[in-house]
Structure formats: C-alpha cells, structure tokens
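The following exercises are to be worked with the sequence and the coordinates at hand. Each task is followed by a solution in steps.

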Amino acid sequence: MFNRKNSRHSRMVWVFILLTVGILAACGRKQDESVVDADRVYDVHEEAIVSEPELSEVSQEETVEVSGADEAATTDKAIKTDEATATDQADEAMADGTAKADETAESKELRRRFGSRCITEQTFEIELSEYDGRVWFVPSVSPGGRNFQMQIIQGKEVLKEISTYVPEELAGEKFVSLDAVAFFDINYDNETDIVLIETYGDTTFTVVYYGETYTYSDGLVSVYFDVKETLSDNLTSSVENLTVPAIRDFLSNGKKNGEFEDYREAYLAAGKLREAESDGIIKYNLIFFDDDDIPELVADYTGYYVSMYTYHDGRIYTVMDEWGYGAGGNHGYDYCPRKSSVRNYDTDYAGLILWTTYWTLGEGYELEPVVSIEFLNFIDENGNGRPDGDESETVGYGDKSYIDGVEITLEEELSYSMGEYEWLGAGGNDMGLAELAAALY
C-alpha cells in the first residue's frame, strides 16, 4: 500500500531544498542527429593572402585580387580530396601545365556567380548536416576591405548569413586573409561545425562556429552557427603553428569521431574540448548510466551546466550537452545507475508547483523525454493550475499531481521511477582533467 502522506512529506522536503538552494533554470537542449558528410578539411596554402582593395561602392568590374601563383589552383582539389594537405594540392596543380589556367577560369566563374568580392580560394560547394542537399559556403570581403562576411547559399537562395568574430584586441585591425576553412563535427553532436583561420593586421587566429539544428514545437526548423568565443580564443593561444590539423592534434590527437581506439581515448578528447570551451573549472566523473560495462563521462561546471558522453564502436555520443541548472528553481539532474534514466526536479511560483521530468536513453544515444509530472503544493480551489488569491495561504496542503492536465494517482506517479537515483554531476568529486586522465589510464 502506498502512503500518500509520506509521499507528500518527501516532496515537501524537496520543495524546501529547492527553495533554499537557489539555482539557474535549465535550458538543456538536444539537437537532431544527422550524418555529417562534410568531415573534411579545406585548407589553402599557408601564405595565401587576400589583397586589400579599397572597396566602397564596388562595381561589377572590380575584383578581389589573390596573391601567390598557386592559391586559386587549390580550390577544386581541396573539395575532392579528404586527406591531402594544401601544399600537396598546390604542388599537384603547378605540375599540371593546364591546372593554373583552369582554376583561374573557375575563380572568374565564382566571382561572376557570387560577386566581385567573393574570396574564391575559400568558396566551396559542400554538404552540411544542417541542410538537405549541397550548399555553397561563400566568404566575401566587406565593402571597404576591413572585414569579411560569410553566406550559405543553395541555388539562388541565401540560407544563412554568418557574422564574423574578431577578438576585441584586434578590433581596429584590417582584414588581411582567410587562411583556412574546415567543416567537421568538432563537439561530437553529429552536426557540422565550421573552423576558420583568419589574419587581421599581423595576427593570425582561429574562429569556431558550432552548427545547430533546432526544431520548434510547431515543426519549424532553424539552423544556427554560433561563434564559440572562449573556445576560439583558447585554441588561438594554445595551438602552436596554427593550422586545422594542428587544432585536431591538440584536441583529439588528430582523431575524427569514429576513429577512437577505446572509450578512454575518446573521453580524454571530450575532456580536452570541455577545458578549451570553458573559462571556468570543469569537474569530471565516470558513472555507469546504461547497462553495459563501459562507463559514461560526466563533465560538470558546478552550479551552471552538466554534460554527459557515452561511447560505442569508436564514436563519442553527446547524451547531454550543457544542460543548465543552478537557479530559478532547477535542482539539477539525477540518474538511476544502469537504468538509462535521468530525472529532474524544477519548481515554479516560488516552490508552489513542482515539476518532475524523466528522460530515457534512445536508440540514437539521445535522451528522449518520458513524462513530465506537475505536483501542486497548494489547494487549487479555482482549478486554473496556478496559485492566486488566497490559495497561496494553503501552501503545503496540496496533494494532487497531473500529467498534461489530467490528475494521476500516486501509484501512477511512482511507476515512472526506475529505482534509486544519484546526483548526475561531479558529486563532490574534485577530478580535473589530469585526474580524469589518471583514472582512465
């Protein structure tokens, strides 16, 4: 026999805890999984320089000059070659007596199609996970030549304008060159990201954009390419001889997702990325979330957000990506060991409404929502589902729970619990990246 009074007392304890902890509202999000078909690097010769014409109102006849004899010749080979370096591609082109002329003709065609400011050696037709079909990545020098801009184009439609990021200390410097462009899944979420290497003035730096596809409740789909300023700045300061291969070596010993030897190598790469992404202190934990013998990695920025990764057949899967907690009534997340179940307590109206939400691990290693249960910690006399009038004086006397507005019994409510739950976070564990490496190896 279930005792509703004891259950209510237990929930009152939770409400008291939630009211006194004071935490950041969860904004956990999960992105649609899709196959990344553009996991390749497009890199021009390191000395490629885009000249700096004074472009005010540019006519159709004006062009952006490219210095160096071989840069224009590298474009087509870069698109068709996964592993060849930019220097190898340039050498191949120069060895062919017709390659230079052919590529120059292609550059002219790109300028005719996309405009005279188009940076032709970094303009590519590619496949991105965020879009159906092939698209063009088109960077162009801005009017005046002090900056550049980027567009994703399909047919005659501009699908996305991508804003440029310049570090604050270089705000007064002039754009010199877009040295390298790469498209791959840098953060293990099965979305294509964009990595740029740019030069402004005398300074070369990297900029990372995370691609994200978000589907709204009404079915509308939006695509974002969010600049990751902290990650970009940390990579610039940490990676010597700044190139795309050097960035990969720094983060994952050059491994692409799907190439990891075991979970230890994969989790260390995920930890390195988390360190580079954050300007705070990340703590790590290894837990057994599902029922296999490979642990899951938890990365916790305590009081702000938590991430979780799992591993299967050489690949990292991001189960939780910066799910926020810490204020606004969000207690954080618990998990039921080896049951693939996550639970969250969240309150509204200063604790008068308690939401209990459960997720389970789906076939694609994504967390799928199971149920969200609403418990009213007051007597809702007018039945509108929120405390108003004198109802706030009845706090602590409520005992009704609902799913989608339909009242449920205590037995139904408890049926969603998979057993004993534990805190999904560092859990008092002070394991930093060095300690994680020691624990893994």
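In this predicted model, R343 lies over the face of Y421, at 4.3 Å from the ring centre. The exercises below begin with this kind of contact.

**Exercise 1. Charges over rings**

Task: State which residue lies over the face of F184, and at what distance from the ring centre.

Solution.
- Step 1. A charge counts as sitting over a ring if NZ of Lys or CZ of Arg is within 6 Å of the ring centre and within 35 degrees of the ring normal.
- Step 2. R248 is the residue over the face of F184, 3.9 Å from the ring centre.

**Exercise 2. Aromatic pairs**

Task: Classify the pairs Y200 with F205 and Y301 with Y305, and decide whether their members are buried or exposed.

Solution.
- Step 1. The model contains 17 aromatic pairs. Among them, Y200 and F205 are 5.7 Å apart, centre to centre, with 40° between the planes, and the pair is tilted.
- Step 2. For Y301 and Y305 the centres are 5.3 Å apart and the planes stand at 85°, an edge-to-face pair.
- Step 3. Y200 and F205 are both buried. Y301 has a relative accessible area of 18% and is therefore buried, and Y305, at 15% relative accessibility, counts as buried too.
- Step 4. Y200 and F205 also belong to one aromatic cluster, together with F148 and F175.
- Step 5. Y301 can be placed further by its C-alpha, which is 7.2 Å from that of G280, although the two residues are 21 apart in sequence. G280 is found in the loop between α7 (263-277) and β12 (283-287) and counts as partly exposed at 24% relative accessibility.

**Exercise 3. Salt bridges of helix α7**

Task: Determine which residues are linked with R274 in a network of salt bridges, and where D321 and R274 are found.

Solution.
- Step 1. The model has nine salt bridges. In one of them, the side chains of R274 and E277 meet at 2.7 Å, N to O.
- Step 2. R274 and E277 are three residues apart in helix α7 and therefore separated by about one helical turn.
- Step 3. D321 forms a salt bridge with R274, with 2.8 Å between the closest N and O atoms. This pair links distant parts of the chain, since D321 is in strand β15 and R274 in helix α7, 47 residues apart.
- Step 4. The network consists of R274, E277, D321 and E322.
- Step 5. R274 is buried at a relative accessible area of 3%, D321 counts as buried at 10%, and E277 is buried as well.
- Step 6. Helix α7 also takes part through E265, which forms a salt bridge with K255, the closest N and O atoms being 3.0 Å apart. K255 lies in the loop between α6 (244-252) and α7, ten residues from E265.

**Exercise 4. Strand β15 and its partner**

Task: Explain why strand β15 is largely enclosed by the rest of the structure, and describe how β14 and β15 are joined.

Solution.
- Step 1. Strand β15 covers residues 315-324; eight of its ten residues are buried, so the strand is largely enclosed by the rest of the structure.
- Step 2. Seven bridges join β15 to strand β14 (residues 305-312), and the two run antiparallel.
- Step 3. Opposite R315 in β15 stands H312.
- Step 4. The hairpin of β14 and β15 has two residues between the strands, and D313 takes a positive phi near 50° there.

Terms used: Residues are numbered from 1 along each chain as its sequence is written. This is a predicted model: local features need pLDDT of at least 70, side-chain atom pairs count only at pLDDT 80 or more; totals for chains, interfaces and linings use all residues. Side-chain values use heavy atoms; hydrogens and water are left out. Buried means under 20% relative accessible area, exposed over 50%, partly exposed in between (1.4 Å probe, protein chains only). Helices (H or I, at least four residues) and strands (E, at least two) are DSSP runs, numbered from the N terminus. Two strands pair if DSSP finds at least two bridges between them. Rings of Phe, Tyr and Trp (its six-membered ring) pair if their centres lie within 6.5 Å; planes under 30 degrees apart count as stacked, over 60 as edge-to-face and the rest as tilted. A salt bridge is a side-chain nitrogen of Lys or Arg within 4 Å of a carboxyl oxygen of Asp or Glu.
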